[in-house]
Amino acid sequence: MKRKINEKILIIGAGLGGLALAQGLIRAGFNVTVFERDESPTSRAQGYRISIRSLGMHALSTLLTPEKLDRLPAAKVKGVGDGFTCANEKMEPFFSVSQGQDAAVQFLRSELRSLLSEGVNIQWNKRLATFEDKDDRVIAHFEDGSYAYGDLLIGCDGGGSIVRELLPSVYRSRLGSIPKVIDSNRAIFGGQIDRTPEWDELLPLNKTGLVRFLGPHSHYMGICFSERADRSPTVFWAFSEEIKDRTAPWYQFDQGLECRKRILDHCKQLMENEPWHENLKKLVNDTSAEAIMAPWLVRTTRFPDSEHFPMVPTGRVTLLGDAAHAMPTEKGLGGNNVLEDARLLSALLAASQEPINWREVIESYEREMFVRAKIAVKESEGAAEYFQNLRSH
Ligand SMILES: Cc1cc2nc3c(=O)[nH]c(=O)nc-3n(C[C@H](O)[C@H](O)[C@H](O)COP(=O)(O)OP(=O)(O)OC[C@H]3O[C@@H](n4cnc5c(N)ncnc54)[C@H](O)[C@@H]3O)c2cc1C
């Protein structure tokens with residue numbers, strides 16, 4: 001039974017974290033509004049698939065209603081393995097693992113997002129510009145001049161979080177321990193092509209799941225079979241390199257075709273000058289510029305030594321997901337931790353009595369969340385380093 005809760009919660013960002021949190025809070029009876037800078041649910045490609053393990057699956061099982069949970073399996077990607085292989089650029093494997101007990105479930109990002117959006121009041125085209133904390137409420141101000149009042153504001157606005165960046169100017173010396181999200185100096189360029197029987201033949205290691213091909217000069221390529229939002233089978237590739245010059249044209253992305261062409265040419269050129277297997281070169285060469293996605297800049301997080309929570313004195317503003325703890329992608333832990341943050345915060349708020357003591361609830365949330373996040377960031381950085389060393393020996 002939902003209880004009637006009068007408090008209004010403002011969520012900034014309709015990504016995995018913001019939407020998962022909204023599901024949990026709505027289930028608990030809160031009045032929730034999500035504000036998203038994208039113009040519409042389809043204005044930006046949502047990437048390919050995401051591997052969710054027991055941590056994330058458990059979180060989803062408590063955040064979603066039983067009816068939505070029943071429909072969750074329909075968001076799985078079909079016809080792909082959940083194993084992992086690491087190989088060199090000549091397609092010679094170093095090792096292969098099947099995922100065993102903590103098997104990852106491969107979800108299509110677009111389907112998962114659409115399920116998590118159901119029943120949520122999402123205000124599109126609302127880019128947060130700043131916010132105020134008036135002690136008994138928060139006011140979010142958007143770039144279009146509009147604003148919204150709430151009792152709690154949660155920054156679920158990703159690694160480049162503006163909520164996090166605004167904290168020092170809004171609270172000045174009254175701030176607690178704030179994480180610092182930093183650039184890892186790596187970029188990932190990705191593209192996709194139709195999955196045909198020919199590609200299944202040319203990429204035999206991919207039959208059991210994701211493959212990471214480690215190349216020279218700490219370049220690597222991740223390839224997985226997946227599906228597009230319309231469920232057509234696809235081969236997805238992502239090429240990763242250290243950023244040498246931040247002003248280089250391929251790191252700038254404006255959604256235009258010229259920009260995609262530049263990125264594709266850059267990847268082709270990098271591979272041409274190195275001993276990559278012909279099938280891997282063919283994959284990139286056969287990809288059309290239209291199928292190139294926006295580059296990802298890999299981030300990680302530095303946590304302060306002191307543990308002074310809640311981060312803000314009133315406890316009326318907090319962070320969730322990549323906004324609080326962006327991490328390298330090598331272990332696939334980021335999204336799992338995002339979902340666990342949403343489960344934890346929803347559970348703490350659902351268990352609180354009215355009038356809610358925000359400071360107390362948010363302090364408990366941040367203490368637990370940051371302990372877990374620190375471990376996940378360390379493991380992810382360790383995995384990134386491991387792959388670098390594996391290739392250089
Ligand atoms: C290549 C790659 C592969 C990955 N694979 C996995 C995996 O297999 N398993 C896993 O667990 N994790 C994986 N991750 C990590 C996972 O995708 C992220 O941790 C997760 O998506 C972060 O969710 P989030 O909601 O915190 O942020 P996001 O998904 O980045 O959402 C933030 C949202 O906030 C919006 N926003 C930003 N600024 C504003 C503003 N000012 N106003 C309003 N809205 C704003 C954005 O438009 C966006 O919609 C992967 C990441 C990458 C890059």
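This tour visits the ligand and two helix pairs. The model is predicted, and residues are numbered from 1 along each chain.

**The ligand shell**

Select the ligand, then the residues around the molecule: 32 residues form its surroundings. The closest of them are Gly13, Gly15, Gly321, Gly334 and Gly335. Colouring this shell by class shows 14 nonpolar, twelve polar and six charged residues.

Next, highlight α1 (16-27), β3 (49-52), α9 (322-325) and α10 (334-351), each of which supplies at least two residues of the shell. Which element gives the most to the shell? It is α10, with four residues.

**From α10 to α2**

Keep α10 selected and add helix α2, residues 54-63. The two helices pack at an angle of about 35°, and their axes are 8 Å apart. The crossing of α2 past α10 is left-handed. To view the contact, select Leu55, Gly56, Ala59, Leu60, Thr62 and Leu63 on α2, together with Gly335, Asn336, Leu339, Glu340, Ala342, Arg343 and Ser346 on α10. By class, this contact comprises six nonpolar, five polar and two charged residues. Gly335 of α10, which takes part in this contact, is also among the closest residues to the ligand.

**From α1 to α4**

Return to α1, which contributes at least two residues to the ligand shell, and add helix α4, residues 109-117. The axes of α1 and α4 come within 9 Å and cross at roughly 35°; here, too, the crossing is left-handed. On α1, select Leu19, Ala20 and Gln23; on α4, select Arg113, Leu116 and Ser117. These residues make the contact, which by class has three nonpolar, two polar and one charged.

Terms used
Predicted model: local features only at pLDDT ≥ 70, side-chain atom pairs only at ≥ 80, totals over all residues. Near = placed C-beta within 6 Å. Nonpolar A, V, L, I, M, F, W, Y, C, P; charged D, E, K, R; others polar. Axes fitted to C-alpha atoms, helices over the stretch in contact; angles between N-to-C directions. Left-handed = near helix turned anticlockwise from the far one by under 90°. Contact = placed C-beta atoms within 7 Å.
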